[in-house]
Amino acid sequence: MRVGVLYTGGKDSHLALAIARDYFEVSCLITLYSENEESYMFHTPGINIVEVHSKLMDIPLCIGKTKGEKEKELLDLERTIKKAIELYGIKGIVTGANRSIYQNTRIQRICKRLDIWSFNPLWLMPEEELVEELLNRSIKALIIAVGAWPLDDKVLGRELDKDMITLLKQWKEKYQISLIGEGGEFETMVIDSPLFKKKIELEYDKIYENYSGRIQIKSIKTVDK
Amino acid sequence: MKIQIISTCAFKILEREFVDPLVRFVEKYGTVFKVHYKNPLDKLSDKTIISGTAIKDFGYLTDFPLSKLDKLGKVLGICAGAQILAKYFKVPLIEKELIGKFRLNDGSYAFFLITRIPDPKTIEKEFDVLAYMEDLPVLAKKGRFYLSLFHPEVLNQKILEDFLLDNI
């Protein structure tokens, strides 16, 4: 079956993509560029990286745009998925939804209307198992935005590797944060993966104040592994 | 306790979503193994849970070996599993889309992903209704068989516990 992956370039959608490839032909990535940084549905930090990922994986990218107004953005997503069905003949959508009933049910409804399958391979996956699977699959992601105590500017730009995961586990125990950033504690960007022909190197500045911040990318390079 | 989880999923990847979360929850209560309905089922399990998606995948409605249910112990059918049990009891399915989080009449919330439900009038007449969502019976019991139109592994896990510990 040909499927499209709702893709942001973050760790969850990339892991969902890697899992989907074990079962299906991934024919396209589907991304919505949202003008609303507070979108309920769509990841916004560093979203343009999907164009680089698409080239590094030789998987075409189907882009839609949205103003990011609640519920209206779902119509924009539906239009973009429809475009992907027409262009790439996909019969199903794969998402990286883990706990969000809001995201999951809205995508399920769109798939029902468009008569295509919906696959959520990370659904209810325990956080510890999810980060373990990222490491096992050699997916490397950087923390590109933070939004909660005690994640500070030192965390920005750090790789989500074993050491960082150990630190997050300690914080989880002490401050009840999510190990995978499910509560908006942090956002990630994948910079290397076995699915990539080359790895990504970033130059960036940090913008940070009061436990909220992000990296501002100055340049993106792809380099041989 | 030996617990069998029967997958109705047309694709293995769907088990990550509709079966594995159940396995993780019920393994606290006994020895669990999962099996696809197209493979031999275990007749010696104390409890059986049947689960899968019921939005686009309906192959199980024609292929599930209903006669095998005669020989199983206590059975909980979730979503696709509830449709299979409805078919076992000759309850017709009607088109009704329930996708999302809805409030049950006891004030708790439940997560639904179903587009065909057992005829509510027949369920009310022939089953003991354990929970309603508005005027729809969404959790019901007949003898050793339990039908849940929602996914209790997502919201309302107490129902799974009550089923496993014989509290319902």
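Two residues are taken to be in contact if their C-beta atoms, placed from the backbone, lie within 7 Å. The structure is a predicted model, in which local features need pLDDT of at least 70 and side-chain atom pairs count only at pLDDT 80 or more, while totals for chains, interfaces and linings use all residues. Residues are numbered from 1 along each chain as its sequence is written, and chains are lettered from A and ligands numbered from 1 in the order in which they are written.

By this contact criterion, and not counting residues up to four places away in sequence, Ile30(A) touches Gly4(A), Val5(A), Leu6(A), Tyr7(A), Cys62(A), Thr80(A), Ile81(A) and Ala84(A). Ile30(A) is also one of the residues with the most contacts inside the largest nonpolar core, together with Val3(A), Val5(A), Ala20(A) and Leu149(B). This core, which has 108 residues, draws at least three residues from each of domain 1 (2-119) and domain 2 (140-223) of chain A. A nonpolar core is here a set of buried Ala, Val, Leu, Ile, Met, Phe, Trp, Tyr and Cys residues joined through C-beta atoms within 7 Å, and a residue is buried if 20 or more other C-beta atoms lie within 10 Å of its own, exposed if 12 or fewer, and partly exposed in between, with C-beta atoms placed from the backbone.

The two domains of chain A, whose bounds come from an automatic or database domain assignment, have centres separated by 21 Å, taken over C-alpha atoms. Across their boundary, 15 residues of domain 1 of chain A are in contact with 20 residues of domain 2 of chain A. On the domain 1 side, the elements that give two or more residues are α1 (11-21) and α2 (49-57) of chain A, and α2(A) gives the most, with five residues. Helices (H or I, at least four residues) and strands (E, at least two) are DSSP runs, numbered from the N terminus. The residues on this side of domain 1 of chain A divide into six nonpolar, seven polar and two charged, where Ala, Val, Leu, Ile, Met, Phe, Trp, Tyr, Cys and Pro count as nonpolar, Asp, Glu, Lys and Arg as charged, and the others, Gly among them, as polar.

Helix α3 (residues 72-88) of chain A has 17 residues and should span 24 Å at 1.5 Å a residue, which agrees with the 25 Å between its end C-alpha atoms; the expected span is 1.5 Å times one less than the number of residues. The buried residues of α3(A) are Glu73(A), Asp76(A), Leu77(A), Thr80(A), Ile81(A), Ala84(A) and Ile85(A), and they pack against β1 (2-6), β2 (25-34), β3 (61-66), β4 (92-94) and α4 (101-114) of chain A. After α3(A) comes Gly89(A), with a positive phi near 65 degrees. In domain 2 of chain A, which covers 140-223, a cis peptide bond with omega of about 0 degrees joins Trp149(A) and Pro150(A), and Pro150(A) lies in the loop between β6 (140-146) and α6 (162-175) of chain A.

Chain B has six helices and nine strands, and buried residues make up 46% of its 168 residues. Its radius of gyration, taken over C-alpha atoms, is 14 Å, which agrees with the value near 15 Å for a compact globule of 168 residues, the globule rule being 2.2 Å times the number of residues to the power 0.38.

The contact between the chains takes 14 residues from chain A and 19 residues from chain B. On the chain A side, the elements giving two or more residues are α4 and β5 of chain A, with the largest share, five residues, coming from α4(A). By class, this side of chain A has nine nonpolar, three polar and two charged residues. Asn120(A), in the loop between β5 (117-119) and α5 (127-136) of chain A, is buried, with 26 other C-beta atoms within 10 Å. Leaving aside neighbours within four places in sequence, Asn120(A) is in contact with Thr95(A), Ala97(A), Asn104(A) and Glu17(B). Ile55(B), which lies in the loop between β3 (47-52) and α3 (60-63) of chain B, counts as partly exposed, with 19 C-beta neighbours inside 10 Å. With the same sequence neighbours left aside, the contacts of Ile55(B) are Gln108(A), Lys112(A), Leu113(B) and Thr115(B).
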